[in-house]
Amino acid sequence: MKIVEYNTSKNIIVEFQDDYNYRVKTKFINFTNGNLKNPYFTSVLGIGSIGNEKTKINGVHTKEYEAWHDILKRCYSQKLKDMRPTYIGVECCKEWLIFENFCKWLRNQDNYEKWLNTEKWAVDKDILKKWNKVYSPDTCCLVSPEINSLFTKRQNCRGKLPIGVIRYKNKYGAQYNNGTGKSKHLGYYDTPIEAFQAYKTEKENYIKEVAIKSYNNKDITKRCYEAMMSYVVEITD
């Protein structure tokens, strides 16, 4: 840090010498003994910084902070990646490495109040841009648990079969998650491809149905609605 303005020993301006050049008004003694905190120091998981934003209210972490911290864990916690390999390669954009910036984006979302006041809503990175690996303002949206569960792949459960397909004796069953935690069965078929085609048709139609309902209820933004309406289920999902 560097003193950029000295008025009296009790009135100086200190600038932190990093990319953000944050300035603080303080006393000279705080400068000499190092008793100053840089809000842009990477204090969270060694990569994230808080900025000028509160992380707690009455001693409890805010919902915004918990969401941001969870994103950083998915991106930079090796322990979590070892437990959940689907997060391998997932990153956070530079802008969101600062909690302050994430909060600004979050609070500007049309459905922010619903996210804030309803349990289990999520910051989703997979709907607006398929196969996306980056958390950023351009790739994320706020969604309800029902919508979030529609795009869960569950690769570990299905093995080598196509998405939506299960093996049953000498047949192949098709089923999809209807967003309520239950699966809807679509019948049994002779081949995995036939079963997948049945799943694909039903799942795409159901995603559109949920998109229309959610948009009419103002649960999702127009951009999220358009992405869901054009979503294509592929055998490689």
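Which residue takes a positive phi in the hairpin of β10 and β11? We will come to it at the second stop, after a few words on what you have open.

This is a predicted model, in which local features need pLDDT of at least 70, side-chain atom pairs count only at pLDDT 80 or more, and totals for chains, interfaces and linings use all residues. Residues are numbered from 1 along each chain as its sequence is written, and side-chain values use heavy atoms, with hydrogens and water left out.

**Stop 1: the nonpolar core**

Select I127, I147, F151, C224 and M228. These residues have the most contacts inside the largest nonpolar core, which has 28 residues. A nonpolar core here is a set of buried Ala, Val, Leu, Ile, Met, Phe, Trp, Tyr and Cys residues joined through side-chain atoms within 4.5 Å. Buried means under 20% relative accessible area, exposed means over 50%, and partly exposed is in between (1.4 Å probe, protein chains only).

Now colour β9 (141-143), α6 (145-150), β11 (171-177), α8 (192-216) and α9 (222-229), the elements that give two or more residues to this core. Helices (H or I, at least four residues) and strands (E, at least two) are DSSP runs, numbered from the N terminus. The largest share, eight residues, comes from α8.

Zoom in on F151. Leaving aside neighbours within four places in sequence, F151 is in contact (heavy atoms within 4.5 Å) with I127, I207, M228 and Y231. Another core, of 27 residues, lies apart from this one; A67, C75, W96 and L97 are among its members. In soluble globular proteins, nonpolar side chains tend to be buried together.

**Stop 2: the strands around β11**

Select β10 (residues 165-168) and β11, which pair in the antiparallel sense over four bridges. Two strands count as paired if DSSP finds at least two bridges between them. Look for I166, which stands opposite G173 in β11. Two residues lie between the strands of this hairpin, and here is the residue from the opening question: K169 takes a positive phi near 55°.

Next add β12 (183-189). β11 and β12 pair in the antiparallel sense over five bridges, and Q175 has H185 in β12 as its bridge partner. How many of the seven residues of β11 are buried? Six are, which leaves this strand mostly covered.

**Stop 3: salt bridges**

A salt bridge is a side-chain nitrogen of Lys or Arg within 4 Å of a carboxyl oxygen of Asp or Glu. A search of the whole structure finds eleven.

Stay with β11 and show the side chains of K171 and D190, which meet in a salt bridge (2.4 Å, N to O). K171 lies in strand β11 and D190 in the loop between β12 and α8, so the pair ties together parts that are 19 residues apart in sequence. K171 is partly exposed, with a relative accessible area of 36%. Then select E53, E64 and R107, which are joined into one network by salt bridges that share partners.

Go on to K125 and D126, another salt-bridged pair, whose closest N and O atoms are 2.8 Å apart. Is K125 buried or exposed? K125 is buried, at 9% relative accessible area, while D126 counts as partly exposed at 27%. Side chains of opposite charge can pair when their charged atoms come close.

**Stop 4: helix α4**

Select residues 99-107. This is helix α4, mostly covered, with seven of its nine residues buried. They are F99, E100, N101, F102, C103, W105 and L106. Show α2 (63-76), α5 (112-117), β7 (122-124) and β9 as well, since the buried residues of α4 pack against them.

**Stop 5: α9 and the loop before it**

In α9, highlight C224, A227 and M228, which are buried. Seen down the helix axis, the buried residues fall within an arc of 95° (taken from the directions from the axis to the C-beta atoms), so they line one face of the helix. Their cover includes β9, α6 and α8.

Finally, step into the loop between α8 and α9, the place of D219. D219 is buried, with a relative accessible area of 17%. Its side chain makes a polar contact with the side chain of K114 (2.6 Å). A polar contact is a pair of N or O atoms within 3.5 Å; within protein, one must be able to donate a hydrogen and the other to accept it, and residues adjacent in sequence count only if both atoms are side-chain atoms. K218 lies in this loop too, and K218 counts as exposed at 65% relative accessibility.
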